[in-house]
Amino acid sequence: MTEPGTVLITGPTRNLGRHAVLAMAGRPAHQRPDLLLVGRSGRDLTAVADEARALGARVHEIGCDLSRLADVRAAAAATRTLLAEGAVRPLRALVANAGAMSVDTRQASADGYELTFAVNYLAHAQLIGDLRGSFTAPARVVLIGSNTYHANVWRKLLHVPAAEWADPVDLARPATGDQAPGMTASGVAYSNAKLAILYYAHELQRRAGEGVTVSVFEPGWMPGTALGRGAPKAFQAMSRALGRFPGVSTPQRSGPLLAAMALDERWAHLRDGAFVVKTKLTEVQPVAHDRDREQRLWDATTELLAPTTGT
Ligand SMILES: NC(=O)c1ccc[n+]([C@@H]2O[C@H](COP(=O)([O-])OP(=O)(O)OC[C@H]3O[C@@H](n4cnc5c(N)ncnc54)[C@H](OP(=O)(O)O)[C@@H]3O)[C@@H](O)[C@H]2O)c1
(Lines give C-alpha, C1' and ligand atoms only; values in the text may rest on other atoms or scores of the structure.)
Protein backbone atom coordinates (compact mmCIF):
# COMPACT_ATOMS: atom_id res chain seq x y z
CA MET A 1 0.00 0.00 0.00
CA THR A 2 1.23 3.54 -0.87
CA GLU A 3 2.29 5.61 2.13
CA PRO A 4 -0.66 7.99 2.71
CA GLY A 5 1.45 11.18 2.62
CA THR A 6 -0.52 14.40 2.77
CA VAL A 7 -4.10 15.08 1.69
CA LEU A 8 -5.27 18.63 0.99
CA ILE A 9 -9.02 19.12 1.23
CA THR A 10 -11.14 22.21 0.60
CA GLY A 11 -14.41 22.86 2.41
CA PRO A 12 -13.44 20.92 5.56
CA THR A 13 -15.57 23.00 7.92
CA ARG A 14 -18.90 21.24 7.65
CA ASN A 15 -20.94 18.32 6.38
CA LEU A 16 -19.33 16.23 3.62
CA GLY A 17 -15.86 17.76 3.95
CA ARG A 18 -15.84 17.68 7.73
CA HIS A 19 -16.85 14.02 7.86
CA ALA A 20 -14.24 13.13 5.24
CA VAL A 21 -11.59 14.87 7.38
CA LEU A 22 -12.65 13.02 10.53
CA ALA A 23 -12.71 9.71 8.65
CA MET A 24 -9.14 10.28 7.40
CA ALA A 25 -7.88 11.47 10.80
CA GLY A 26 -9.51 8.51 12.52
CA ARG A 27 -7.65 5.90 10.49
CA PRO A 28 -4.95 3.73 12.07
CA ALA A 29 -1.57 5.53 12.19
CA HIS A 30 -0.06 3.72 9.18
CA GLN A 31 -3.04 4.74 6.99
CA ARG A 32 -3.49 8.24 8.41
CA PRO A 33 -2.40 11.12 6.14
CA ASP A 34 -1.18 14.54 7.18
CA LEU A 35 -4.00 16.98 6.48
CA LEU A 36 -4.04 20.43 4.90
CA LEU A 37 -7.42 21.98 5.61
CA VAL A 38 -8.19 24.79 3.18
CA GLY A 39 -11.20 26.79 4.31
CA ARG A 40 -12.42 30.17 5.47
CA SER A 41 -10.49 31.15 8.59
CA GLY A 42 -12.36 31.17 11.85
CA ARG A 43 -13.94 29.06 14.55
CA ASP A 44 -15.25 26.29 12.28
CA LEU A 45 -11.88 25.72 10.62
CA THR A 46 -10.08 25.64 13.96
CA ALA A 47 -12.73 23.32 15.42
CA VAL A 48 -12.39 20.66 12.72
CA ALA A 49 -8.60 20.96 12.81
CA ASP A 50 -8.65 20.40 16.59
CA GLU A 51 -10.97 17.41 16.22
CA ALA A 52 -8.67 15.87 13.62
CA ARG A 53 -5.61 16.49 15.82
CA ALA A 54 -7.39 14.85 18.76
CA LEU A 55 -7.74 11.76 16.56
CA GLY A 56 -3.97 11.75 16.01
CA ALA A 57 -3.52 13.57 12.69
CA ARG A 58 -0.90 16.19 11.87
CA VAL A 59 -3.00 19.10 10.64
CA HIS A 60 -2.36 22.52 9.12
CA GLU A 61 -5.12 25.08 8.68
CA ILE A 62 -4.83 27.19 5.55
CA GLY A 63 -7.23 30.13 5.65
CA CYS A 64 -8.75 30.77 2.24
CA ASP A 65 -11.93 32.28 0.88
CA LEU A 66 -12.42 30.45 -2.41
CA SER A 67 -14.40 33.35 -3.80
CA ARG A 68 -11.14 35.35 -3.93
CA LEU A 69 -8.59 34.04 -6.39
CA ALA A 70 -5.83 35.96 -4.62
CA ASP A 71 -6.61 33.87 -1.50
CA VAL A 72 -6.51 30.69 -3.56
CA ARG A 73 -3.10 31.56 -4.99
CA ALA A 74 -1.87 32.32 -1.47
CA ALA A 75 -3.23 28.95 -0.24
CA ALA A 76 -1.33 27.16 -3.00
CA ALA A 77 1.83 29.08 -2.08
CA ALA A 78 1.39 28.17 1.61
CA THR A 79 1.01 24.51 0.61
CA ARG A 80 4.18 24.62 -1.48
CA THR A 81 6.07 26.16 1.45
CA LEU A 82 4.89 23.48 3.90
CA LEU A 83 5.93 20.77 1.43
CA ALA A 84 9.31 22.39 0.72
CA GLU A 85 10.07 22.79 4.43
CA GLY A 86 9.17 19.15 5.09
CA ALA A 87 6.53 20.28 7.57
CA VAL A 88 4.21 17.67 6.05
CA ARG A 89 4.75 14.48 4.08
CA PRO A 90 4.58 14.42 0.24
CA LEU A 91 1.32 15.55 -1.35
CA ARG A 92 -0.58 12.45 -2.44
CA ALA A 93 -4.13 13.73 -2.83
CA LEU A 94 -6.12 16.90 -3.34
CA VAL A 95 -9.83 16.70 -2.60
CA ALA A 96 -11.71 19.62 -4.16
CA ASN A 97 -14.76 19.31 -1.95
CA ALA A 98 -15.92 22.88 -1.25
CA GLY A 99 -19.13 23.87 -2.97
CA ALA A 100 -21.72 26.58 -2.92
CA MET A 101 -25.01 27.34 -4.60
CA SER A 102 -25.64 31.05 -4.77
CA VAL A 103 -29.37 31.79 -4.71
CA ASP A 104 -28.94 34.95 -6.76
CA THR A 105 -26.92 34.50 -9.92
CA ARG A 106 -26.21 38.25 -9.97
CA GLN A 107 -23.80 37.67 -7.04
CA ALA A 108 -20.17 37.99 -8.04
CA SER A 109 -16.93 36.74 -6.56
CA ALA A 110 -14.16 39.19 -5.60
CA ASP A 111 -12.85 38.72 -9.14
CA GLY A 112 -16.20 39.56 -10.73
CA TYR A 113 -17.31 36.01 -11.64
CA GLU A 114 -20.69 34.38 -11.01
CA LEU A 115 -20.31 33.07 -7.49
CA THR A 116 -21.38 29.44 -7.96
CA PHE A 117 -19.11 28.97 -10.97
CA ALA A 118 -16.30 30.79 -9.15
CA VAL A 119 -16.36 28.73 -5.93
CA ASN A 120 -17.18 25.26 -7.27
CA TYR A 121 -15.08 25.36 -10.41
CA LEU A 122 -12.73 28.31 -10.96
CA ALA A 123 -11.20 28.34 -7.49
CA HIS A 124 -10.37 24.64 -7.72
CA ALA A 125 -8.97 25.00 -11.23
CA GLN A 126 -6.67 27.73 -9.84
CA LEU A 127 -5.63 25.70 -6.81
CA ILE A 128 -4.96 22.52 -8.77
CA GLY A 129 -3.17 24.44 -11.53
CA ASP A 130 -0.89 26.08 -8.98
CA LEU A 131 -0.12 22.72 -7.34
CA ARG A 132 0.32 20.59 -10.45
CA GLY A 133 4.07 20.44 -9.93
CA SER A 134 3.78 19.69 -6.21
CA PHE A 135 2.34 16.17 -6.22
CA THR A 136 4.40 13.07 -5.51
CA ALA A 137 3.28 10.11 -7.62
CA PRO A 138 1.17 8.14 -7.24
CA ALA A 139 -1.19 11.00 -6.44
CA ARG A 140 -4.91 11.55 -6.79
CA VAL A 141 -7.04 14.56 -7.60
CA VAL A 142 -10.60 13.95 -6.42
CA LEU A 143 -13.19 16.43 -7.66
CA ILE A 144 -16.78 16.59 -6.43
CA GLY A 145 -19.50 16.26 -9.01
CA SER A 146 -23.25 16.13 -8.83
CA ASN A 147 -25.74 14.11 -10.83
CA THR A 148 -27.71 17.32 -11.30
CA TYR A 149 -25.62 17.94 -14.44
CA HIS A 150 -28.32 15.93 -16.25
CA ALA A 151 -32.05 15.60 -15.75
CA ASN A 152 -33.95 12.48 -14.75
CA VAL A 153 -37.55 11.87 -13.76
CA TRP A 154 -36.95 12.43 -10.04
CA ARG A 155 -35.04 15.64 -10.54
CA LYS A 156 -37.74 16.93 -12.87
CA LEU A 157 -40.37 16.17 -10.21
CA LEU A 158 -38.31 18.02 -7.61
CA HIS A 159 -37.69 20.95 -9.98
CA VAL A 160 -33.92 20.44 -9.88
CA PRO A 161 -32.76 21.78 -13.25
CA ALA A 162 -30.11 20.17 -15.40
CA ALA A 163 -27.12 22.01 -16.87
CA GLU A 164 -27.61 24.36 -19.81
CA TRP A 165 -24.10 24.61 -21.20
CA ALA A 166 -22.80 27.81 -22.76
CA ASP A 167 -19.38 29.21 -23.47
CA PRO A 168 -17.44 29.21 -20.15
CA VAL A 169 -16.82 32.97 -20.38
CA ASP A 170 -20.60 33.43 -20.40
CA LEU A 171 -21.09 30.93 -17.56
CA ALA A 172 -18.63 32.98 -15.52
CA ARG A 173 -20.55 36.23 -16.08
CA PRO A 174 -22.98 37.20 -13.28
CA ALA A 175 -26.59 37.83 -14.27
CA THR A 176 -27.74 41.42 -14.49
CA GLY A 177 -31.03 43.17 -13.83
CA ASP A 178 -33.02 44.62 -10.97
CA GLN A 179 -34.66 41.37 -9.93
CA ALA A 180 -32.98 38.14 -8.78
CA PRO A 181 -33.30 35.57 -11.59
CA GLY A 182 -34.72 32.99 -9.13
CA MET A 183 -34.15 29.45 -7.92
CA THR A 184 -34.26 27.82 -11.35
CA ALA A 185 -31.42 30.03 -12.60
CA SER A 186 -29.53 29.28 -9.41
CA GLY A 187 -29.99 25.52 -9.95
CA VAL A 188 -28.89 25.78 -13.59
CA ALA A 189 -25.74 27.66 -12.51
CA TYR A 190 -24.97 24.91 -9.98
CA SER A 191 -25.52 22.15 -12.55
CA ASN A 192 -23.38 24.01 -15.09
CA ALA A 193 -20.57 24.29 -12.54
CA LYS A 194 -20.78 20.56 -11.87
CA LEU A 195 -20.79 19.75 -15.62
CA ALA A 196 -17.74 22.00 -15.93
CA ILE A 197 -16.06 19.88 -13.26
CA LEU A 198 -16.63 16.73 -15.36
CA TYR A 199 -15.23 18.38 -18.51
CA TYR A 200 -12.29 19.74 -16.50
CA ALA A 201 -11.60 16.31 -15.00
CA HIS A 202 -11.30 14.75 -18.47
CA GLU A 203 -9.01 17.50 -19.77
CA LEU A 204 -6.94 17.62 -16.59
CA GLN A 205 -6.16 13.92 -16.88
CA ARG A 206 -4.86 14.47 -20.42
CA ARG A 207 -2.53 17.18 -19.10
CA ALA A 208 -1.64 15.86 -15.63
CA GLY A 209 1.85 14.65 -14.96
CA GLU A 210 2.83 10.98 -14.88
CA GLY A 211 1.32 9.24 -11.86
CA VAL A 212 -1.35 11.87 -11.12
CA THR A 213 -4.86 10.52 -11.61
CA VAL A 214 -8.18 12.33 -11.67
CA SER A 215 -11.56 11.07 -10.47
CA VAL A 216 -14.92 12.59 -9.59
CA PHE A 217 -17.01 11.66 -6.54
CA GLU A 218 -20.80 12.10 -6.26
CA PRO A 219 -21.76 11.79 -2.58
CA GLY A 220 -25.43 11.08 -3.21
CA TRP A 221 -28.17 13.47 -2.29
CA MET A 222 -27.60 14.87 1.23
CA PRO A 223 -30.58 17.16 1.86
CA GLY A 224 -30.31 19.69 4.64
CA THR A 225 -26.60 20.53 4.31
CA ALA A 226 -25.56 24.18 4.13
CA LEU A 227 -25.39 24.08 0.34
CA GLY A 228 -28.86 25.62 0.09
CA ARG A 229 -28.35 27.97 3.04
CA GLY A 230 -29.48 31.05 1.17
CA ALA A 231 -32.62 29.41 -0.25
CA PRO A 232 -36.12 30.41 0.92
CA LYS A 233 -37.02 28.87 4.31
CA ALA A 234 -39.83 26.72 2.80
CA PHE A 235 -37.36 25.24 0.30
CA GLN A 236 -34.90 24.41 3.09
CA ALA A 237 -37.66 22.83 5.22
CA MET A 238 -38.78 20.67 2.27
CA SER A 239 -35.19 19.60 1.74
CA ARG A 240 -34.80 18.58 5.39
CA ALA A 241 -38.09 16.64 5.26
CA LEU A 242 -36.98 14.75 2.15
CA GLY A 243 -33.83 13.77 4.02
CA ARG A 244 -35.85 11.17 5.88
CA PHE A 245 -36.52 9.18 2.70
CA PRO A 246 -34.73 5.83 2.45
CA GLY A 247 -31.78 5.80 0.06
CA VAL A 248 -30.99 9.46 0.65
CA SER A 249 -27.47 9.97 2.00
CA THR A 250 -26.00 12.05 4.81
CA PRO A 251 -22.59 13.66 5.31
CA GLN A 252 -21.93 11.09 8.05
CA ARG A 253 -22.39 8.28 5.52
CA SER A 254 -20.78 9.89 2.45
CA GLY A 255 -17.82 11.59 4.20
CA PRO A 256 -15.97 8.30 4.84
CA LEU A 257 -16.70 7.25 1.22
CA LEU A 258 -15.00 10.45 0.04
CA ALA A 259 -12.04 9.71 2.32
CA ALA A 260 -11.81 6.29 0.67
CA MET A 261 -11.59 7.92 -2.78
CA ALA A 262 -8.46 9.77 -1.62
CA LEU A 263 -6.82 6.92 0.27
CA ASP A 264 -8.04 3.42 -0.48
CA GLU A 265 -6.27 0.88 -2.65
CA ARG A 266 -9.73 -0.06 -3.95
CA TRP A 267 -9.86 3.21 -5.89
CA ALA A 268 -6.17 3.44 -6.90
CA HIS A 269 -6.99 2.46 -10.50
CA LEU A 270 -9.39 5.37 -11.09
CA ARG A 271 -8.32 7.92 -13.71
CA ASP A 272 -9.69 9.96 -16.65
CA GLY A 273 -12.34 11.59 -14.44
CA ALA A 274 -13.92 8.24 -13.51
CA PHE A 275 -17.23 9.03 -11.81
CA VAL A 276 -18.08 7.27 -8.55
CA VAL A 277 -21.55 7.67 -7.07
CA LYS A 278 -21.09 6.86 -3.38
CA THR A 279 -19.44 3.44 -3.90
CA LYS A 280 -20.43 2.69 -7.49
CA LEU A 281 -18.26 3.39 -10.52
CA THR A 282 -20.76 4.90 -12.94
CA GLU A 283 -20.68 5.78 -16.63
CA VAL A 284 -21.48 9.47 -17.14
CA GLN A 285 -24.09 10.56 -19.69
CA PRO A 286 -22.80 11.20 -23.24
CA VAL A 287 -23.19 14.98 -22.72
CA ALA A 288 -20.38 14.87 -20.15
CA HIS A 289 -17.82 13.71 -22.73
CA ASP A 290 -17.15 16.42 -25.30
CA ARG A 291 -13.58 17.03 -26.50
CA ASP A 292 -14.41 20.43 -28.03
CA ARG A 293 -16.08 21.72 -24.86
CA GLU A 294 -13.29 20.29 -22.70
CA GLN A 295 -10.59 22.01 -24.75
CA ARG A 296 -12.56 25.28 -24.84
CA LEU A 297 -13.14 25.14 -21.07
CA TRP A 298 -9.42 24.69 -20.50
CA ASP A 299 -8.53 27.66 -22.70
CA ALA A 300 -11.28 29.88 -21.28
CA THR A 301 -10.23 28.96 -17.75
CA THR A 302 -6.69 30.10 -18.49
CA GLU A 303 -8.12 33.47 -19.60
CA LEU A 304 -10.45 33.73 -16.61
CA LEU A 305 -7.70 32.93 -14.13
CA ALA A 306 -5.24 35.43 -15.53
CA PRO A 307 -4.57 37.66 -12.48
CA THR A 308 -5.84 40.95 -13.85
CA THR A 309 -8.88 41.86 -11.72
CA GLY A 310 -9.67 42.05 -8.04
CA THR A 311 -6.29 40.70 -6.92
N1 LIG B 1 -25.60 18.18 -0.44
C2 LIG B 1 -25.81 17.41 -1.50
O3 LIG B 1 -26.88 16.81 -1.66
C4 LIG B 1 -24.73 17.26 -2.54
C5 LIG B 1 -24.97 16.39 -3.63
C6 LIG B 1 -23.99 16.26 -4.61
C7 LIG B 1 -22.80 16.94 -4.48
N8 LIG B 1 -22.60 17.76 -3.42
C9 LIG B 1 -21.31 18.46 -3.32
O10 LIG B 1 -20.65 18.04 -2.15
C11 LIG B 1 -19.74 19.07 -1.71
C12 LIG B 1 -20.00 19.39 -0.24
O13 LIG B 1 -21.34 19.81 -0.12
P14 LIG B 1 -22.10 19.92 1.28
O15 LIG B 1 -23.48 19.46 1.01
O16 LIG B 1 -21.29 19.33 2.38
O17 LIG B 1 -22.16 21.53 1.40
P18 LIG B 1 -22.02 22.53 2.65
O19 LIG B 1 -22.60 21.95 3.88
O20 LIG B 1 -22.55 23.82 2.16
O21 LIG B 1 -20.43 22.65 2.82
C22 LIG B 1 -19.72 23.33 1.82
C23 LIG B 1 -18.29 23.55 2.24
O24 LIG B 1 -17.69 24.41 1.24
C25 LIG B 1 -17.16 25.55 1.90
N26 LIG B 1 -17.24 26.78 1.12
C27 LIG B 1 -18.31 27.32 0.50
N28 LIG B 1 -17.99 28.52 -0.02
C29 LIG B 1 -16.70 28.75 0.29
C30 LIG B 1 -15.80 29.81 0.07
N31 LIG B 1 -16.15 30.92 -0.61
N32 LIG B 1 -14.54 29.71 0.54
C33 LIG B 1 -14.14 28.63 1.25
N34 LIG B 1 -14.94 27.58 1.49
C35 LIG B 1 -16.20 27.65 1.04
C36 LIG B 1 -18.00 25.72 3.16
O37 LIG B 1 -17.26 26.50 4.07
P38 LIG B 1 -17.97 27.46 5.18
O39 LIG B 1 -18.21 26.58 6.35
O40 LIG B 1 -16.96 28.53 5.41
O41 LIG B 1 -19.23 27.99 4.56
C42 LIG B 1 -18.17 24.26 3.58
O43 LIG B 1 -17.02 23.78 4.25
C44 LIG B 1 -20.01 20.26 -2.65
O45 LIG B 1 -19.06 20.28 -3.67
C46 LIG B 1 -21.39 19.97 -3.20
O47 LIG B 1 -21.59 20.60 -4.45
C48 LIG B 1 -23.52 17.93 -2.44
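Me: If helices are DSSP runs of H or I with at least four residues, and strands are DSSP runs of E with at least two, both numbered from the N terminus, how many of each are in the protein?

Reply: By that rule the protein has 10 helices and eight strands. This is a predicted model, in which local features need pLDDT of at least 70 and side-chain atom pairs count only at pLDDT 80 or more, while totals for chains, interfaces and linings use all residues. Residues are numbered from 1 along each chain as its sequence is written.

Me: What radius of gyration would a compact globule of 311 residues have, and what does the protein have?

Reply: The rule, taken over C-alpha atoms, is 2.2 Å times the number of residues to the power 0.38. For 311 residues it gives a value near 19 Å, and the protein has 18 Å, so the two agree. The C-alpha atoms fill a box of roughly 50 × 45 × 40 Å along the principal axes.

Me: Why is a residue of helix α9 called buried, and which ones are?

Reply: A residue is buried if 20 or more other C-beta atoms, placed from the backbone, lie within 10 Å of its own, exposed if 12 or fewer do, and partly exposed in between. Across the protein 48% of the 311 residues count as buried, and in α9 they include Pro-251, Ser-254, Gly-255, Leu-257 and Leu-258. The buried residues of α9 pack against β1, α1, β4, β5, β6 and β7, where a contact requires C-beta atoms, placed from the backbone, within 7 Å.

Me: What should helix α9 span, and how far apart are its end C-alpha atoms?

Reply: The expected span is 1.5 Å times one less than the number of residues. For the 13 residues of α9 (251–263) that is 18 Å, and the end C-alpha atoms are 18 Å apart, so the helix agrees with the rule.

Me: What makes β7 a partner of β6, and in which sense do they run?

Reply: Two strands pair if DSSP finds at least two bridges between them; β6 (212–218) and β7 (274–277) have four and run parallel, with Phe-217 opposite Val-276 in β7. Strand β7 is also joined to β8 (280–282), here antiparallel and over three bridges, one of the facing pairs being Phe-275 and Thr-282. The hairpin of β7 and β8 has two residues between its strands, and Lys-278 in the turn has a positive phi of about 55°.

Terms used
Two residues are in contact if their C-beta atoms, placed from the backbone, lie within 7 Å.
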